Structure formats: structure tokens, C-alpha cells
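Please walk me through this structure, starting with its helices and ending with its sheet. A plain account is enough.

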Amino acid sequence: MAPHADEPSEAEPAVVGDAPAPRVMRVAVLVLGASADDAVAADGVSEVLIGAVASRATAPLRIVGKEELQVALGQGEERSLDCVSSTPCLGRIGVQLDLDEVIAGVVRRHAEGWRFDLNRIDVRSGESVGQANGEVRGDVGALAAAMGTALPELYAVRVAPIVLRISASALEAEIRVDGRRVGTFTGEPITLRDLQSGDHVIEVSAPGYQPWRRELELDAGENRDLEAGLTPMLGSVVPPPPRGGVSPLVWVGAGVLVLGGATTLIFGIRSRLDPVEGVNRADAVSFHEDRERDARLANAGLGVMGVGAAVAITGFIVSEFGGSQDSNHAFVAPIPGGAMAGFEGRL
């Protein structure tokens, strides 16, 4: 029978004065058993869940149950169970049936009781906007009570996490957030995921550099990269020179010196050998040419010894013995537009 002229229809919302009646929200509630043995329990808790969802409504609500869903979609129990585990599938059901939300779940029996998993889908976005799950000991009544208690989790406001990555222009820079030390920059950004939305103070410090400070406001869900460009302090040593020990140049120079000495000794002895008596002229000429080559190699060995000695002496000069402040050491000091390198101490 056609609706009375004064009665509202689904196509024409009721009008109170000049304002239309609130839109009826359409929500599907579907709870299935993980196996055929769990199907009866699933049907029982479905009615409890439907009642709990209806009691939370603050606006007109139309709930679509399992039977209506399966009739409209032509799906049986097994195919519906596959769809419950798929957010895209639930979203397609919602669109096809002109739903606003789909609340779907699965219950399964285990040795000591039951486990349930619920998922709330926003049909407009096609995304999961709430989840609730748990395990309970006892019978179907205990399962229904646990699901009713967990229902608010489906409607809890989900705050997107903040991701802040902090790096610095100097290695070994110490990073602090709101006065709390969060790490040392070693080449990879320090990633923070536990910050709350609001104002935060980022401080970065490193030896030889001016302290760096930045105030920033972060919003929920924000993903930001922050780099601290540290400014060197004029006249500072970057990095600070190590104290104590012999410079590696001493050992490098000593090695080169030994190599040159061995070369000089071997080829020097060979260059002074005398030819064997009774050789012909051609062999004598070849012998003397080999000895001249040995002499040149011996002289080259002397040159290598000189280089090794120079390196060893330089290493000795820049070495620090005993860690005294008056000991010699190399340094690198930043200057405007570049840097200055050298060594200081007493010869």
C-alpha cells in the first residue's frame, strides 16, 4: 500500500516545520562462527551485539542483520565468513546496500572458552575505524557479556601517531626533546614515535659547535624531518684531539724505513759483486749492466729510507706522551669560509 500523503517515506524524509528529519543511519551487524559448531553461539551473541549497538545510538538508526545481508547479497555462511575477514569486501557490501557502517566479527571456541574479533568499517572511506578483540573463559553468556564490554573499543577515537626524525650536521651530536635526551646522531636520523601533539623544544649540541635550539608545534598524524644545522665555534678544535699515545705516523714511517733499508742492503751488496774470470766480452758487458741496475736500486732504497725517516720523525713530533696539556698534537680549527689544520706543542 502506498504511504499516506502525510506520512514520510524512505525517499522523502519527514519534515518538522521547515527542517528535514535527521537522516537514518544504516549499520550492518554480522557475527559468524569460525566453524559450524560455533554458528549457534555466533547467532546468540549477534542479538546481544545488535542491542548494544542500538543502545549507543544518538540519532535514528537502522540495523541490518545477518539474514538480510545474506539475502540481499545471495551469500551463504561459508562465503560470508570469508568476507568478514576482508576489509575491502565489507566495504563493497556497505556500498551495495547503501550502509554507513559495517560491524563484523568472528567467534571461535578454544579449550578454555571463547575468542572474539570485531571490526568496524566506515563505508565512505573503506577503512577500519575501530577494532575490539579478546578471550574469555566460560559459556556463551560469558562471551556475550565480554563482547558487550569491549564494544566501546570499536568507537574509541583513534589518534594517528606523530613521527619525527631528527638529524644533525655533526656526528656525535646529542639530541634532547623537551629536556629529555633521546639519542646521539651517528649518521642515521633519530626517529621518535611517542610524542604527543602540541609544542615541543628540540635541542642539539656537539663539542666545538654552538648549541642549536628549535621550538615547533606538532599535530596528530604529522610526519616531519628536522635537521639541525650546527655552526662551528671560532677557534674550537673539531673534533677534539685524542690525548695520549704514539701517532700512527711513527709506525708507518718505521715500516717504510725498514723496507728502504732492506732494499739498499740487498741491492748494495749485489752491485759490488765481481765478474767470474774467463767470461766472454758479451757476458761481461751484461754483468756490469746488471750491477749498475743494482746500484740504482740501492740508491732508490736510500731515498725510501729518507722518506720513512721523515714520516717517523713527523709522527714522533705530533705524538702525545703521558697526555700532558703541553704535549704536541694535531688540530683542525674552523675559520670563516673554511678550516685551518696544523699541530701545536713544544719541539
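**A helix pair and a sheet**

In this predicted model, helix α6, residues 248-271, and helix α7, residues 281-318, have axes that come within 7 Å and cross at roughly 160°. Because angles over 145 degrees count as roughly antiparallel, α6 is roughly antiparallel to α7. The crossing of α6 and α7 is left-handed. Sorted by class, the residues in the contact of α6 with α7 are 18 nonpolar, 11 polar and four charged.

The sheet comes next. It is open and consists of five strands, arranged in the order β4-β3-β5-β6-β7, with mixed pairing. At its edges are β4 (61-64) and β7 (127-137), each of which pairs on one side only. From one strand to the next, the twist averages 15°.

One pairing can be followed down to the residues. Strand β3, residues 25-33, runs parallel to β4, and four bridges join the two. Within this pairing, M25 of β3 stands opposite L61 in β4.

A helix also belongs to this part of the picture. Which strands does helix α5 touch as it packs on the sheet? Helix α5, residues 140-154, touches β3, β5 (101-110), β6 (113-122) and β7. The direction of α5 makes about 150° with that of β7, and β7 is one of the edge strands.

To recapitulate, the model has α6 and α7 crossing at roughly 160°, and an open sheet of five strands on which helix α5 packs.

Notes: Residues are numbered from 1 along each chain as its sequence is written. This is a predicted model: local features need pLDDT of at least 70, side-chain atom pairs count only at pLDDT 80 or more; totals for chains, interfaces and linings use all residues. Side-chain values use heavy atoms; hydrogens and water are left out. Two strands pair if DSSP finds at least two bridges between them. Axes are lines fitted to C-alpha atoms, for helices over the stretch in contact, and angles run from 0 to 180 degrees between N-to-C directions. Contact means heavy atoms within 4.5 Å. Angles under 35 degrees count as roughly parallel, over 145 as roughly antiparallel, 65 to 115 as roughly perpendicular and the rest as oblique. A crossing is left-handed if the near helix is turned anticlockwise from the far one by less than a right angle, and right-handed if clockwise. Ala, Val, Leu, Ile, Met, Phe, Trp, Tyr, Cys and Pro count as nonpolar, Asp, Glu, Lys and Arg as charged, and the others, Gly among them, as polar.
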